[in-house]
Amino acid sequence: MAMTILDTCINCGSCEPECPNTAITQGDSYYVIAADRCTECVGAHESPRCVEVCPVPDCIITDPNMQETPDQLKTKYEALHVN
Ligand code: SF4
Ligand code: SF4
């Protein structure tokens, strides 16, 4: 699954530079994660970096609409970093 940011986001910006896939950007109201670029940090870190740095509890959760296996997430990561 990709991660998704809820509207409890306080726009602190801490998560954006931590993402290994540049999946996080500032949205109209709060920060957003591009589901096609989020690998739950598979390929780069042991656990989602955005969740680790976010100061708001349970602000970033797994996206129930983006079901992906660990193998799919790894393939996704490799496709994003071919160059
Ligand atoms: Fe980026 Fe990792 Fe957060 Fe996904 S889980 S948005 S890849 S920092
Ligand atoms: Fe929002 Fe959390 Fe990212 Fe800060 S770290 S911008 S509160 S999602």
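**Exercise 1. Place D58 and classify its exposure.**

Task: Decide whether D58 is buried or exposed in this predicted model, then locate it in the chain.

Solution.
- Step 1. D58 has a relative accessibility of 65%.
- Step 2. The exposed class begins over 50%.
- Step 3. D58 therefore counts as exposed.
- Step 4. Its place is the loop that runs between α1 and β4 (60-62).

**Exercise 2. Examine the backbone at D58 and C41.**

Task: Find the sign of phi at D58 and at C41. Then set out the surroundings of C41.

Solution.
- Step 1. Phi at D58 is positive, about 60°, although D58 is not a glycine.
- Step 2. C41 is not a glycine either, and its phi is positive at about 70°.
- Step 3. Most residues other than glycine have a negative phi.
- Step 4. C41 belongs to the loop between β3 (31-33) and α1 (49-53).
- Step 5. The relative accessibility of C41 is 8%. Buried means under 20%, so C41 counts as buried.
- Step 6. C41 is also one of the residues surrounding ligand 1.

**Exercise 3. Describe the site of ligand 1.**

Task: State which cavity holds ligand 1, which residues surround ligand 1, and how this shell divides by class.

Solution.
- Step 1. Ligand 1 occupies the largest cavity.
- Step 2. Its surroundings include the cysteines C19, C38, C41 and C50. M3, P20, N21, I24, I33, T39, E40 and P48 are also in the shell.
- Step 3. By class, the shell holds 9 nonpolar, 2 polar and 1 charged residues.

**Exercise 4. Follow two cysteines of the ligand 1 shell.**

Task: For C19 and C38, find the loop and decide whether each is buried or exposed. Then list the contacts of C38 beyond its sequence neighbours.

Solution.
- Step 1. C19 sits in the loop between β1 and β2 (24-26).
- Step 2. With 17% relative accessibility, C19 is classed as buried.
- Step 3. The C-alpha atoms of C19 and E78 are 15 Å apart, with their positions 59 residues apart along the chain.
- Step 4. C38 is in the loop between β3 and α1.
- Step 5. C38 has 7% relative accessibility, so C38 is buried.
- Step 6. Beyond four places in sequence, C38 contacts A2, M3, N21, A23, I33, L73 and K76.
- Step 7. M3 lies 35 residues from C38 along the chain, and their C-alpha atoms are separated by 6.7 Å.

**Exercise 5. Describe the site of ligand 2 and count disulfides.**

Task: Which residues come nearest to ligand 2, and how is its shell composed? How many disulfides are there?

Solution.
- Step 1. Ligand 2 takes up the space of the second largest cavity.
- Step 2. There are 13 residues around ligand 2. C9, C12, G13, C15 and C54 come nearest.
- Step 3. The shell divides into 11 nonpolar, 2 polar and no charged residues.
- Step 4. A disulfide needs cysteine sulfur atoms within 2.5 Å. The count is 0 disulfides.

**Exercise 6. Characterise T4.**

Task: Give the strand of T4, its exposure class and its contacts.

Solution.
- Step 1. T4 is part of strand β1, residues 3-5.
- Step 2. Its relative accessibility is 23%. T4 therefore counts as partly exposed.
- Step 3. Neighbours within four places aside, T4 is in contact with I33, C59, I60, I61, T62 and D63.
- Step 4. P20 is 16 residues away from T4 along the chain, and their C-alpha atoms are separated by 15 Å.

Methods: Residues numbered from 1 in each chain as written. Chains lettered and ligands numbered in written order. Predicted model: local features only at pLDDT ≥ 70, side-chain atom pairs only at ≥ 80, totals over all residues. Heavy atoms only, no water. Near = heavy atom within 4 Å. 1 Å grid on protein atoms, 1.4 Å probe; cavity = no way out; pocket = protein on both sides within 12 Å on 5 of 7 lines; lining within 4 Å. Sits in = over half its atoms within 2 Å of the grid points. Nonpolar A, V, L, I, M, F, W, Y, C, P; charged D, E, K, R; others polar. Helix = DSSP H or I, 4+ residues; strand = E, 2+ residues; numbered from the N terminus. Buried < 20%, exposed > 50% of the residue type's maximum accessible area, 1.4 Å probe, protein only. Contact = heavy atoms within 4.5 Å.
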